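Thanks for sharing this one. Here are a few points to go through with the structure open beside you.

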Amino acid sequence: MKHLNRAELVDFIEASPLLPAGRARHVSTCNQCRAEADALRSMRALATTDEVPEPSPLFWDHFSARVADAVREEEPGRDRGAAAAMRWRRSPFATWAAAATMAVLVMMTVVWRTTLHAPAPAMGPAMSGAAAGTATFAPDAAAAGDESDVEADEAWAVVRAAAQDLRWEEAHAAGLSAHPGAAEGLALELTADERSELARLLDKELKHTGV
Amino acid sequence: MGRPDWKVSVTRDRTDAARAAAPDLDAGTSVDDRTLVDACRGGRRDAFDVLVQRHQRQVYQLCYRFVANHEDASDLAQDVFIRAYRGLHTFKGNSAFSTWLYRVCVNVCLNRVGSRGPRLVGLDIADRPDPRVEHSDTLLLRGERAAEVRAAIARLPAKQRAALILRVYHELPHEAIAEIVGSSVGAVKANFFHALANLRKLLRPQS
């Protein structure tokens with residue numbers, strides 16, 4: 001009959017009911033398994049004799065008070081990483097960064113919406129290149145081609161107000177930066193009409209700010 | 001036939017959640033661990049104090065088995081409870097709180113022992129039995145033997161040591177140990193077997 005494997009030997013020395021009776025009977029007829037089981041049993045008994053010394057009775061009160069003090073300084077139910085994340089979220093820098101991110105997102109959304117839904121400017125001679133897919137910007141023609149005023153656009157006013165205090169140096173320091181070529185990439189995805197509308201809006205805004 | 005002009009409102013003075021959040025901690029042992037954990041999550045830190053008082057002895061003893069001295073065991077046990085408090089939100093309740101706490105404890109102990117190595121000291125003052133009770137030679141031999149066993153256990157690989165300590169000294173079933181150390185029951189039994197076999201090799205010259 002096969003010798004007992006490691007798990008069976010453990011079950012045997014612990015008199016586990018999980019060990020089938022036939023396997024347990026094998027030990028009584030097998031010197032090798034019996035010797036191994038005896039050795040394991042004696043080691044187990046030897047280990048059991050080593051007891052942890054009982055600390056002073058005063059220790060337990062002192063210990064629980066120590067733990068209670070340490071726990072009082074902890075945020076409940078949060079690990080250190082989560083607590084650090086919370087601290088970061090509460091910092092003024094993080095608040096500013098979040099506000100700047102929101103402003104940029106709102107700006108991008110409104111520009112996108114405006115270019116999609118605003119009426120396309122009349123195609124004057126200066127914009128003839130746009131029809132061919134090569135947006136040629138002519139400020140005078142664009143301004144003359146559309147009478148709608150950017151100033152009247154409420155969404156644009158919201159964007160301008162949100163971005164009014166935005167300084168690009170601070171935005172860059174906060175980690176807000178565009179990848180090189182991102183603007184060009186975005187412009188290439190616009191249709192000719194969208195590009196001309198974007199050009200018109202930018203032109204209006206540049207004139208407004210006196211740049 | 002018109003609708004009756006009734007206004008029905010149902011009020012409950014204390015929901016189950018509120019009851020969990022405010023258990024009667026004076027009841028001591030009558031409040032189970034799970035209720036205390038819920039209360040603690042609900043902001044009652046005194047509930048955690050009860051959990052500490054309830055489990056501190058087992059945690060300390062387990063830590064002591066890994067580091068074999070009172071000072072380190074005390075520091076480790078404190079660390080275990082702080083980590084448990086921080087990680088209470090990860091306790092899902094699928095196992096007993098004590099099993100979960102043992103898991104935290106074993107992880108903390110293995111990390112500490114793994115990074116520092118066991119600090120083996122001879123015997124604590126408290127290890128020395130009262131000389132008025134037994135003959136000094138017998139005591140000395142017993143004390144020396146205990147120190148040898150402890151030193152041999154400290155030299156076992158981490159998983160074998162954890163299996164031996166949890167099985168022999170804390171008398172946990174193999175299934176619970178498997179849950180604590182995150183392995184199968186078969187692996188735990190194999191580790192326990194190897195732990196005893198290695199202990200035999202380490203202690204052979206004196207046996």
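1. Let's begin with how the two chains meet in this predicted model. On one side, 37 residues of chain B take part, and they are in contact with 32 residues of chain A. Five helices of chain B each supply at least two residues to the side that touches chain A: H3 (45–67), H4 (70–86), H6 (136–154), H7 (158–169) and H9 (185–203). H3(B) gives the most, with nine residues. By type, the residues on this side of chain B are 17 nonpolar, ten polar and ten charged.

2. H3(B) is also worth a look for the largest nonpolar core, since it brings the largest share there too, twelve residues. That core has 73 residues, and the members that touch the most others are Val59(B), Cys63(B), Val80(B), Cys105(B), Leu164(B) and Ile177(B).

3. You may like to centre your view on Ile177(B). Leaving out residues up to four places away in sequence, Ile177(B) touches Ala163(B), Leu166(B), Arg167(B), Leu172(B) and Val188(B).

4. A friendly word of caution about chain A: its average pLDDT is 73, with 59% of the residues scoring at least 70. Where in chain A is confidence lowest, and where highest? The low end is helix H7 of chain A (residues 128–131), at a mean of 44, while helix H1 of chain A (residues 6–13) is at the top with 93.

5. Residues 122–145 of chain A keep a pLDDT under 50 throughout, although the model has 35 contacts for them beyond four places in sequence. Where pLDDT is low, predicted coordinates should not be read in detail.

Note on methods:
Residues numbered from 1 in each chain as written. Chains lettered and ligands numbered in written order. Predicted model: local features only at pLDDT ≥ 70, side-chain atom pairs only at ≥ 80, totals over all residues. Contact = placed C-beta atoms within 7 Å. Helix = DSSP H or I, 4+ residues; strand = E, 2+ residues; numbered from the N terminus. Nonpolar A, V, L, I, M, F, W, Y, C, P; charged D, E, K, R; others polar. Core = buried A, V, L, I, M, F, W, Y, C linked by C-beta atoms within 7 Å. Buried ≥ 20, exposed ≤ 12 C-beta atoms within 10 Å, placed from the backbone. pLDDT = per-residue confidence, 0-100.
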